[in-house]
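Subject: Structure handover

Hello,

Here is the structure for your files. My notes on what was found in it follow below.

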Amino acid sequence: MPKSMYYNPHIPANKTVGLSEANRKKLDKHAEHHTKPHIDKMIKSMKKGASFAASHKEAMRSDPPPKRKETSTIEIKGEKIKMEKGKLSKELGIPEEKNIPMTLLKRLVKVPNGEMFDHKGQSKKMTPGLKRRISLAITLKGFKK
């Protein structure tokens with residue numbers, strides 16, 4: 001089992017020797033949503049005399065959190081579905097701002113799962129996820145605005 005990227009449930013006491021009790025409590029709470037390297041950089045900085053805020057700012061600069069994927073939620077027949085924005089466009093190599101042609105979608109929906117298909121000179125594999133995204137795109141394009 002891989003080691004966790006987070007301190008769970010608390011930061012070990014031997015790591016925070018030399019810090020005030022208030023800073024230890026703040027770090028413990030802070031560690032719930034930041035990685036071990038981030039917390040370790042903060043502890044190192046605080047031991048050198050930096051404030052909690054200054055050490056956090058420094059750690060964020062050198063170890064920024066991963067970017068979150070932009071998602072959209074749509075409701076179909078009372079069921080809410082979360083989707084990653086632009087995923088189909090990215091998989092097909094089409095810029096997000098351009099519409100995906102219906103002719104392309106109809107051609108691709110016929111490709112069986114696991115089969116290879118050519119698009120823009122590149123060979124790609126049809127996956128169940130890609131097939132679902134294509135089917136959904138066809139359905140949503142069919143609605144009148």
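Is Ile-76 exposed, partly exposed or buried? Before the answer, one caution: the model is predicted, and everything below was computed from it. Ile-76 is partly exposed, because its relative accessible area of 30% falls between the 20% limit for buried and the 50% limit for exposed. The residue belongs to strand S1, which covers residues 71-76. Together with Leu-140 and Phe-143, Ile-76 makes up a nonpolar patch on the surface, and the accessible area of the three comes to about 260 Å².

Nonpolar cores

In soluble globular proteins, nonpolar side chains tend to be buried together. The largest nonpolar core here has 13 residues, and the members that touch the most others are Leu-88, Leu-92, Ile-100, Leu-108, Phe-117, Met-126 and Ile-134. Three helices each contribute at least two residues to this core: H4 (87-92), H5 (102-109) and H6 (128-142). A second core lies apart from it and has 11 residues, including Met-42, Met-46, Phe-52 and Ala-59.

Which residues is Ile-100 in contact with, once its neighbours within four places in sequence are left aside? They are Leu-88, Ser-89, Leu-92, Ile-94, Leu-105 and Lys-141.

Hairpin

Strands S3 (residues 116-119) and S4 (residues 122-125) pair in the antiparallel sense, with 4 bridges between them. Met-116 is placed opposite Lys-125 of S4. The hairpin that S3 and S4 form has 2 residues between the strands, and Lys-120 has a positive phi there, near 55°.

After S4 comes the loop that leads to H6, and Thr-127 lies in that loop. Thr-127 is partly exposed, at a relative accessible area of 32%. Its C-alpha is 8.6 Å from that of Pro-112, and the two residues are 15 apart in sequence.

Salt bridges

Side chains of opposite charge can pair when their charged atoms come close. How many salt bridges does the structure hold? The count is 5, and three of interest are described here.

Lys-29 pairs with Glu-32, with 3.9 Å between the closest N and O atoms. Both Lys-29 and Glu-32 are exposed.

Glu-96 pairs with Lys-85, and here too the closest N and O atoms are 3.9 Å apart. Glu-96 sits in the loop between H4 and H5, while Lys-85 sits in the loop between strand S2 (79-84) and H4, so this salt bridge ties together parts that are 11 residues apart in sequence. Both residues are partly exposed: the relative accessible area is 47% for Glu-96 and 43% for Lys-85.

Glu-91 pairs with Arg-133, the closest N and O atoms being 2.9 Å apart. This pair links distant parts of the chain, as Glu-91 is in helix H4 and Arg-133 is in helix H6, 42 residues apart. Glu-91 has a relative accessible area of 26% and Arg-133 one of 27%. Why do Glu-91 and Arg-133 count as partly exposed? Both values lie between 20% and 50%, which means that neither residue meets the limit for buried or for exposed.

Regards

Definitions and conventions: Residues are numbered from 1 along each chain as its sequence is written. This is a predicted model: local features need pLDDT of at least 70, side-chain atom pairs count only at pLDDT 80 or more; totals for chains, interfaces and linings use all residues. Side-chain values use heavy atoms; hydrogens and water are left out. Patches are made of residues with over 30% relative accessible area and no salt bridge: like charges are joined within 9 Å, nonpolar side chains (Val, Leu, Ile, Met, Phe, Trp, Tyr) within 5 Å. Accessible areas come from the Shrake-Rupley method with a 1.4 Å probe; for residues, only the protein chains shown count as cover. A salt bridge is a side-chain nitrogen of Lys or Arg within 4 Å of a carboxyl oxygen of Asp or Glu. Buried means under 20% relative accessible area, exposed over 50%, partly exposed in between (1.4 Å probe, protein chains only). Two strands pair if DSSP finds at least two bridges between them. A nonpolar core is a set of buried Ala, Val, Leu, Ile, Met, Phe, Trp, Tyr and Cys residues joined through side-chain atoms within 4.5 Å. Contact means heavy atoms within 4.5 Å.
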